[in-house]
Amino acid sequence: MEDFPLSAPSFEAVRRLLHKHTGIHLGPQKQAMVRVRLIKRLRAHGLQDFDAYLMLVKGPESPEWGAFVNALTTNLTSFFREKHHFEFLASHFAAHPVPGGRLQAWSAGCSTGEEPYTLAMVMAASFPEWDVRILATDVDTSVLETARRGVYPEERVEKLDREWKRFAFLKGTGAQAGQVRVRPELQAMVEFGIFNLLGTTGWPRPSSRDVIFCRNVMIYFDKPTQRELLRRFRAALVPGGLLLVGHSEALLDASLGFQSLGGTVYRKAEGP
């Protein structure tokens, strides 16, 4: 690793490139992390320094772009992470059923799939007659491959109640021993796709989503980017739709058009 020093100018170039095309803001304290994560990419291409790598990664049109973004994004998730959000949704929709029993949700920054699959589990158990459709997106192509497969090491579900394990997973045998697979009927509720939140195209239609999860994602963006994302999330929500963010995140101010319901759950407020 000592053969690959990351100079301050090269680190700044990495920061600018990532921020320009994804909105992700790397703080100055992340230099060592960036160096460690990108060294594998230098070695994969037989390069001797970061300047040569930056010549290779010029932007989203580069074949190396996906690997570059995958190396620098953080994916930490689990089934029923921030459990109170899922309990809230089950209670909320029991009191306020969606019209026609058709619920449209979006998991923005779905990582390896635990979040949208947990939502599918809760909705299927609580409202078995509903037509629930969950869009799950991420900018990291490698985590989406795991999410689409819906196969996880058994230890990822060991802390779940036995009832949830039976309801949602098939236990692997033979060559698949030690793994579990999300049941097909739950997988069918989720559509996975690559999506860059900084992009201006491909966003869900206005007033088309009843629920949006964007948890522990906006902490990686600067304040102007956060405000723009919140504006777009609000536009995508139906009147009274719900936005759920991470426990360490809070909406910037009341002018963004959301009403706090507590527990980092927000409702789209009335008016422009």
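Here are three short exercises on the structure above, each with a worked solution.

The structure is a predicted model, in which local features need pLDDT of at least 70, side-chain atom pairs count only at pLDDT 80 or more, and totals for chains, interfaces and linings use all residues. Residues are numbered from 1 along each chain as its sequence is written, and side-chain values use heavy atoms, with hydrogens and water left out.

**Exercise 1. Describe the setting of Glu228.**

Step 1: place the residue. Glu228 belongs to helix H10, residues 223-236; helices (H or I, at least four residues) and strands (E, at least two) are DSSP runs, numbered from the N terminus.

Step 2: classify its exposure. Buried means under 20% relative accessible area, exposed over 50%, and partly exposed in between (1.4 Å probe, protein chains only). Glu228 has 27% relative accessibility, so it counts as partly exposed.

Step 3: look for a partner. The Glu228 side chain makes a polar contact with the side chain of Arg232 at 2.9 Å. A polar contact is a pair of N or O atoms within 3.5 Å; within protein, one must be able to donate a hydrogen and the other to accept it, and residues adjacent in sequence count only if both atoms are side-chain atoms.

**Exercise 2. Find what surrounds Asp140.**

Step 1: locate Asp140 in the loop between strand S2 (131-138) and helix H7 (141-149).

Step 2: check the charge. Asp140 is buried but has no salt bridge, that is, a side-chain nitrogen of Lys or Arg within 4 Å of a carboxyl oxygen of Asp or Glu. Arg37, the nearest side chain of opposite charge, is 8.0 Å away; here Lys and Arg count as positive and Asp and Glu as negative, while His and the chain ends are not counted.

Step 3: turn to the backbone. The Asp140 side chain reaches the backbone nitrogen of Val143 at 3.4 Å.

**Exercise 3. Trace helix H4 into the nonpolar core.**

Step 1: examine burial. In H4 (residues 65-72), six of the eight residues are buried: Trp65, Phe68, Val69, Asn70, Ala71 and Leu72.

Step 2: meet the core. A nonpolar core is a set of buried Ala, Val, Leu, Ile, Met, Phe, Trp, Tyr and Cys residues joined through side-chain atoms within 4.5 Å. The largest one has 44 residues, and Phe68 is among those that touch the most other members. H4 gives the largest share of this core, five residues.

Step 3: list partners. Leaving aside neighbours within four places in sequence, Phe68 is in contact (heavy atoms within 4.5 Å) with Val14, Leu17, Leu18, Leu38, Tyr53 and Val57.
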